[in-house]
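Work through the exercises below with the sequence and the model in view. Each task is followed by a solution in steps.

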Amino acid sequence: VKYIMGFCTVVCLICSVFVCTFAVGLKDKQDANKALERQRQVLSVAGLVEAGVKPSREETAKLFSANIVSQVVTLSSVEADAEASKAADSFDQQKVKKDPDTSKEAPKNWAGVARVPNQALVFLVVDPADKDRVSRYILPIEGKGLWSTLYGYIALESDTNRIAGLTFYQHGETPGLGGEVDNPKWKRKWPNRLAYGSADKPATWKEPKIKVKKGIAGSPEEDPHQVDGLSGATITSNGVTYLLSFWLGESGFGPYLQKQRAAGGRIQSAAYAPGRVTQ
């Protein structure tokens, strides 16, 4: 018994050393891959690359640098933090959210959001003809589904009301049911829906209206505030509704979007894009 226990201990120690060595040695590469995947997700929901297409590292960097401005926004003041925005590539919103010093407890909500970061990373798609004009806003979103927390992005047009796209890049929902949030066919139903009020008279940022209904929704023109429900996945569908209501509302990005509407889609405060600082 002593021999067996000793042998197991030695094997475990050797394996632990190998795992720790590789984990530490590859951390920089893991961080770089994580940042690359985030850029690809942003480009996809922004409509700059086709869904399901993964451009090369070089193509991704070129597209992102030319079209995207990254901002670290202080949610309480809805102002961009110039210094934090310069290091936007390494900004970890999930880490910020878990730290009591850099986050706050979320008000009671159906989305299951426990804490809200003091600062959030948003992405602005700039107009190629006018680098200071925003054509789309891309916001991080998250909330509880049936089995997991769904993490994704929503893209809004320059009016901050019309939805340009929705994607979820991480979740643990049931494949074929709630997992259909990944289905390109379902994601194509989101563009041109309205997050708030009517196209000519948006409601206030306190009243997001977009939701996933149970059943089949009409076209964006006929039914602008509803999207088809996921068959057999009512709880996941409701989760998407709740998380959008939270992050587009008063406790999330509602005040920020209201300010952007008032600014007429011009970049506010200091923002950072790879290789470019914009005032």
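Rings of Phe, Tyr and Trp (its six-membered ring) pair if their centres lie within 6.5 Å; planes under 30 degrees apart count as stacked, over 60 as edge-to-face and the rest as tilted. This is a predicted model, in which local features need pLDDT of at least 70 and side-chain atom pairs count only at pLDDT 80 or more, while totals for chains, interfaces and linings use all residues. Residues are numbered from 1 along each chain as its sequence is written, and side-chain values use heavy atoms, with hydrogens and water left out.

**Exercise 1. Aromatic rings**

Task: find which residues form one aromatic cluster, and classify the pair of F123 and Y153.

Solution.
- Step 1: the structure holds ten aromatic pairs.
- Step 2: in the pair of F123 and Y153, the ring centres are 6.0 Å apart and the planes stand at 80°, which is edge-to-face.
- Step 3: F123 belongs to strand β5 and Y153 to strand β7, so the pair ties together parts 30 residues apart in sequence. Strands (E, at least two residues) and helices (H or I, at least four) are DSSP runs, numbered from the N terminus.
- Step 4: both F123 and Y153 are buried. Buried means under 20% relative accessible area, exposed over 50%, and partly exposed in between (1.4 Å probe, protein chains only).
- Step 5: the cluster consists of F64, F123, Y151, Y153 and Y169.

**Exercise 2. The nonpolar cores**

Task: describe the largest nonpolar core and name the element that gives the most to this core.

Solution.
- Step 1: a nonpolar core is a set of buried Ala, Val, Leu, Ile, Met, Phe, Trp, Tyr and Cys residues joined through side-chain atoms within 4.5 Å.
- Step 2: the largest such core has 42 residues, and W190, L244 and L248 touch the most other members.
- Step 3: at least two residues each come from several elements, including β1 (68-74), β6 (130-144) and α8 (254-262).
- Step 4: α7 gives the most, with five residues.
- Step 5: another core lies apart from this one; it has 18 residues, among them V42, L43, V49 and V96.

**Exercise 3. Cysteines**

Task: explain why C8 and C12 form no bond.

Solution.
- Step 1: a disulfide is a pair of cysteine sulfur atoms within 2.5 Å.
- Step 2: the closest cysteine sulfur to that of C8 is in C12, 6.4 Å away, so the two are too far apart for a bond.
- Step 3: C8 is partly exposed at 39% relative accessible area, and C12 is partly exposed at 48%.
- Step 4: the structure holds zero disulfides.

**Exercise 4. Charged side chains**

Task: state where the partners K34 and D92 lie, and whether K97 and E142 are buried or exposed.

Solution.
- Step 1: a salt bridge is a side-chain nitrogen of Lys or Arg within 4 Å of a carboxyl oxygen of Asp or Glu. The structure holds seven of these salt bridges.
- Step 2: K34 and D92 form one, with their closest N and O atoms 3.7 Å apart. K34 is in helix α2 (residues 27-45) and D92 in the loop between α4 (82-86) and α5 (93-98), 58 residues apart.
- Step 3: K34 is exposed, at 55% relative accessible area, whereas D92 is partly exposed, at 29%.
- Step 4: K97 and E142 also form a salt bridge, at 2.7 Å from N to O. K97 lies in helix α5 and E142 in strand β6, so this pair ties together parts 45 residues apart in sequence.
- Step 5: K97 and E142 are both buried.
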